[in-house]
Amino acid sequence: MNAFVAVVAHDLKLATRSFGDLLTLILFFVMIGVIVPFAIGPDKVLLARLSPGIVWIAAFLSSLLALDRLFRVDQEDGSLLAFRHATISLETITFAKLIAHWLTSALPLILATPILAVMLNMDMTIFWRTVVSLLLGTPALTAFGAVGAAITVSLRRGGLVAPVLILPLSVPILIFGTSAISANAGPDAEVAAQLFLAGISLVSVSLAPFAAALALKLTQE
Amino acid sequence: MSIETAKPMNWFDKLAHPGQFLIWSRYLVLPLALVSTTLFVIGLWYAFFNSPEDYQMGDTVRIMYVHVPNAWLSQFVYVAMAVSAIGTLVWRHPLADVSMKAAAALGAAFTAMALFTGALWGRPTWGTYWEWDGRMTSTLVLFLMYLGLVILWRSFDDQLRAAKLVAVLTLVGAINIPVIKFSVDWWNTLHQPASVLRAGGPAMPPSILIPLIVMTFAFTFLFLTLHMVAMRTEILRRRVRALERKRAVEGIVK
């Protein structure tokens, strides 16, 4: 347990120390929300209607941007090799890294959502639903991302390949994520979508460490 | 050379050894191709000359005889690839690697054909080439997954390492496919429901069902033929690489 906390703390410290990375990520997320109105026009009603989709696309792209730093640094400085001789299993370490990565790449985006809410003319109920849906859905996004990052960690252009592999797999997250906000399918549809989203997150977060650790082990053979 | 210490091979090891595979598969390519061609001749004859027009769709219903087999293969090939992936990860079998790699590009091709024929069929019957309907969308996502796997194969120089990582991704995708399918259906549905394999018998007369089944077998045998040829090509390609490397080393030593 001690080692587990140590890995989380180590990753958190590294991520917060280079504050520029964190700021870049948040800025990127907000900028997508700022750019979209230029593309589709300043119609406030239309923007409010599209806002769930825009927020989720922004979250998708930002999480892909952050993905590359999940395992690459550890691969380059040899930490991944050292991890294999740790007292805890590589699966546990991967899980710890997942938690730290979510805290430093997904949570800041959720905290920045109010800015997008103002830009995109969301009303209060939609805003709170967006926050809930992001909280429920981003763990799954991080989990899929971890598998993709682990598979491509030895590729020099892995940062380019991983998104292509992950995006098709993440379609359900996007579908349930936006349905949990807009709910035009019928009454209680947003609750159903939230439950599905939570289910996908639980299953993927519990399975992803095994798949990612397996990929990391196979990379080093 | 430690042939004396190696334990004796059972029949399966013998059959699945890449060198042995090259020997026995040579005699299988032609028969498979002949079966496939015969089935195509019969199936196409039925499809063009001996099956009724649809009372609503007219002659365009004949696109079905190409569309449905390709759609079936788009899923069948993924299952074959997932089974090979298990072979790669559990038994570390080189032939499973080769089978997985050969199937990936073929699967992408068959899925592209299913989408393309579907678009051609959709235009006269639904009035549109593309509709964001459940089944079409999940086939499109499947196509993107195939392309991702092909890209992953091509991004590695070391094909042995690539095989294991591709196998992980293939299995993650296999677990994900039902979820994608369900979520997309939940999102939007227009396509007609499954009408061949369903409880209570098929929902079409035998005059249409027979050519459809013949064509499905024809395309499946086409896949088996192409898969066999692609596997042989891949094994030979690896041998050529190994020989080239050997020659290069000899050149340096000299």
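Me: Hi! Are α7(A) and α8(A) roughly parallel or roughly antiparallel to each other?
Reply: They are roughly antiparallel. The axes of α7(A), residues 107-119, and α8(A) cross at roughly 150° and come within 10 Å. Angles under 35 degrees count as roughly parallel, over 145 as roughly antiparallel, 65 to 115 as roughly perpendicular and the rest as oblique. Axes are lines fitted to C-alpha atoms, for helices over the stretch in contact, with angles from 0 to 180 degrees between N-to-C directions. Helices (H or I, at least four residues) and strands (E, at least two) are DSSP runs numbered from the N terminus.

Me: Anything to know about the model and numbering?
Reply: This is a predicted model, where local features need pLDDT of at least 70 and side-chain atom pairs count only at pLDDT 80 or more, while totals for chains, interfaces and linings use all residues. Residues are numbered from 1 along each chain as its sequence is written, and chains are lettered from A and ligands numbered from 1 in the order in which they are written.

Me: Thanks! Back to that pair: what is the handedness of the crossing, left or right?
Reply: α7(A) passes α8(A) in a right-handed crossing (near helix turned clockwise from the far one by less than a right angle; anticlockwise would be left-handed).

Me: And which residues make the contact?
Reply: From α7(A) there are I110(A), T113(A) and A117(A), and from α8(A) F127(A), T130(A), V131(A), L134(A) and L135(A). In contact means C-beta atoms, placed from the backbone, within 7 Å. By class, this contact has six nonpolar, two polar and no charged residues (Ala, Val, Leu, Ile, Met, Phe, Trp, Tyr, Cys and Pro are nonpolar, Asp, Glu, Lys and Arg charged, the others, Gly among them, polar).

Me: How does α3(A) cross α8(A)?
Reply: The axes of α3(A), residues 44-67, and α8(A), residues 124-151, cross at roughly 30° and come within 10 Å. That makes the two helices roughly parallel. Among the contact residues are P52(A) and V55(A) of α3(A), and G145(A) and G148(A) of α8(A). The classes here are eight nonpolar, seven polar and no charged.

Me: New topic: how many residues does each chain put into the A-B contact?
Reply: Chain A puts in 18 residues and chain B 19. On chain B's side, α6(B) gives the most, with twelve residues. That side divides into 13 nonpolar, five polar and one charged.

Me: Which residues of α11(A) meet α6(B)?
Reply: I200(A), A211(A), L214(A), A215(A), L218(A) and T219(A) do, opposite K164(B), L165(B), V168(B), V172(B) and V179(B) in α6(B). The classes are nine nonpolar, one polar and one charged.

Me: Where does α11(A) bend?
Reply: At A208(A), by about 35°, and P209(A), a proline, follows within four residues. The bend is the angle between axes fitted to the seven residues ending there and the seven starting there.

Notes. Two residues are in contact if their C-beta atoms, placed from the backbone, lie within 7 Å.
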